[in-house]
Amino acid sequence: EQGYETGEHAPGLRLGGCGAYKAAHHIIKTHAKVWHSYNNTWRSEQQGMVGISLTSGWGEPVDPHNQTDRDAAERYIQFHLGWFANPIYRGDYPEVMKNYVGRKSAQQGLGTSRLPTFSVQEKTYIKGTSDFLGIGHFTTRYVLQKSFPFLQVSSYHTDHDLAELVDPEWPAPGPDWLYSVPWGVRRLLNFIKTQYGNPLVYVTENGVSEKVPCPQLCDGGRIEYLRGYINEILKALNDGVNVKGYTAWSLLDKFEWNKGFSERFGLYHIDFKNKNKPRYPKASADYYKQIISANGFPNQREVMA
């Protein structure tokens with residue numbers, strides 16, 4: 001969306017309403033081709049795995065007793081995670097995506113949907129092309145229904161007819177979009193278990209940057225974030241979700257999309273102004289070291305039911 005709709009990220013194209021869908025369509029087909037290439041040529045010798053890593057927040061209905069809100073939250077997940085995962089695990093785009101984008105395309109007078117379609121052969125070729133599912137997850141939103149007028153300029157953002165809210169009580173130790181909502185990751189992982197047949201899952205990205213670097217490198221907000229999210233992933237494991245591994249995002253401060261070096265997600269602080277780029281462990285590095293040394297929380301009292 002940010003590369004082909006809004007132009008915020010490279011390649012900076014603003015192809016409103018269709019660019020993101022076309023780009024994703026090619027990514028999904030290309031992924032399948034790579035999987036088949038490995039499967040046919042190298043798997044028997046190397047016994048390796050090929051998967052895909054998808055980033056998704058969790059959408060929670062504002063009122064869980066309101067069917068309209070529940071439907072909106074379902075659309076949030078399907079337009080994010082399901083957009084890519086559904087073709088790979090179930091053979092086609094989510095029905096709700098096809099319905100919403102198709103209807104809005106028709107309202108605009110378009111002869112075909114802005115969401116591309118897979119042929120029968122492509123659906124068969126794509127389905128099952130992932131030996132594991134990588135998940136990047138950072139935050140959660142409350143979701144409710146919000147209708148956008150069809151005369152408005154079409155966009156991926158308005159196609160799903162929903163609004164996103166946050167709880168002002170949620171901690172926000174990092175950028176303005178990243179709130180710490182640990183329970184969201186457990187719900188997302190259970191959704192994956194139910195929707196996609198409990199695939200092998202690796203959490204490939206999970207972490208938070210800091211708003212203002214502490215001179216003493218005392219990033220308590222990141223420690224609390226890691227504690228909360230890892231704890232909820234442990235709960236998901238107890239729920240029967242097939243989580244095989246977890247990777248904190250990230251080891252080092254680094255170049256972060258269009259934010260450059262200003263957003264610091266690292267467990268290690270890098271002095272970018274020094275030509276040698278020295279690295280200094282933040283407090284979270286020591287905390288995370290304890291967790292991975294014990295393959296869990298060293299102090300079991302930290303784990304909450």
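1. Is Lys146 buried, partly exposed or exposed in this structure? The model is a predicted one, and in it Lys146 has a relative accessible area of 42%, which means that the residue counts as partly exposed, since that class lies between the 20% limit for buried and the 50% limit for exposed. Lys146 sits in the loop between β4 (140–145) and α6 (156–159), and, when its neighbours within four places in sequence are left aside, its contacts are with Asp161, Leu162 and Ala163. Thr112, which is 34 residues from Lys146 in sequence, lies 24 Å from it in space, C-alpha to C-alpha.

2. One of those contacts of Lys146, Asp161, deserves a separate look at its backbone. Asp161 is not a glycine, yet its phi is positive, at about 50°. The residue is placed in the loop between α6 and β5 (162–165), and it counts as buried because its relative accessibility is 6%, under the 20% limit. Lys277 also has a positive phi, near 50°, in a residue other than glycine; it belongs to the loop between β8 and β9 (279–281), and with 32% relative accessibility Lys277 counts as partly exposed.

3. For Glu205, the UniProt annotation "active site", which comes from an unreviewed entry, covers this residue. In the model Glu205 lies in strand β6, made up of residues 201–205, and at 22% relative accessibility it counts as partly exposed. If residues up to four places away in sequence are not counted, Glu205 touches Ile135, Gly136, His137 and Phe138, and also Thr247 and Trp249.

4. Trp249, one of the residues touched by Glu205, is joined to Ser250 by a cis peptide bond with an omega of about 5°. Ser250 is located in the loop between β7 (243–246) and β8 (268–270), and it counts as buried, with a relative accessibility of 7%. A polar atom of the Ser250 side chain lies 2.8 Å from the backbone oxygen of Leu252, while contacts beyond four places in sequence bring Ser250 together with Phe265, Gly266 and Leu267. Another cis peptide bond, also with omega of about 5°, joins Ala10 and Pro11, and Pro11 is found in the segment before α1.

5. The loop between β7 and β8 also holds Glu263, whose charge is worth checking in the model. Glu263 is buried and has no salt bridge; the nearest side chain of opposite charge belongs to Lys259 and is 4.9 Å away, so the pair falls outside the 4 Å limit for a salt bridge. Apart from neighbours within four places in sequence, Glu263 is in contact with Pro175, Trp177, Ser209, Lys254 and Glu256.

6. Helix α1 covers residues 19–41, which is 23 residues, and reaches 33 Å from its first C-alpha to its last, close to the 33 Å expected at 1.5 Å a residue. Its buried residues include Tyr21, His25, Ile28, His31, Trp35 and Tyr38. As background to that list, an α-helix has 3.6 residues a turn, so residues three or four places apart point the same way. The buried residues of α1 pack against α2 (43–46), β1 (52–55), α3 (67–90), α4 (95–107), α5 (120–126) and α6.

Methods: Residues are numbered from 1 along each chain as its sequence is written. This is a predicted model: local features need pLDDT of at least 70, side-chain atom pairs count only at pLDDT 80 or more; totals for chains, interfaces and linings use all residues. Side-chain values use heavy atoms; hydrogens and water are left out. Helices (H or I, at least four residues) and strands (E, at least two) are DSSP runs, numbered from the N terminus. Buried means under 20% relative accessible area, exposed over 50%, partly exposed in between (1.4 Å probe, protein chains only). Contact means heavy atoms within 4.5 Å. UniProt positions are given in the numbering used here, feature names are shortened, and annotations may be inferred rather than shown by experiment. A polar contact is a pair of N or O atoms within 3.5 Å; within protein, one must be able to donate a hydrogen and the other to accept it, and residues adjacent in sequence count only if both atoms are side-chain atoms. Lys and Arg count as positive and Asp and Glu as negative; His and the chain ends are not counted. The expected span of a helix is 1.5 Å times one less than its number of residues.
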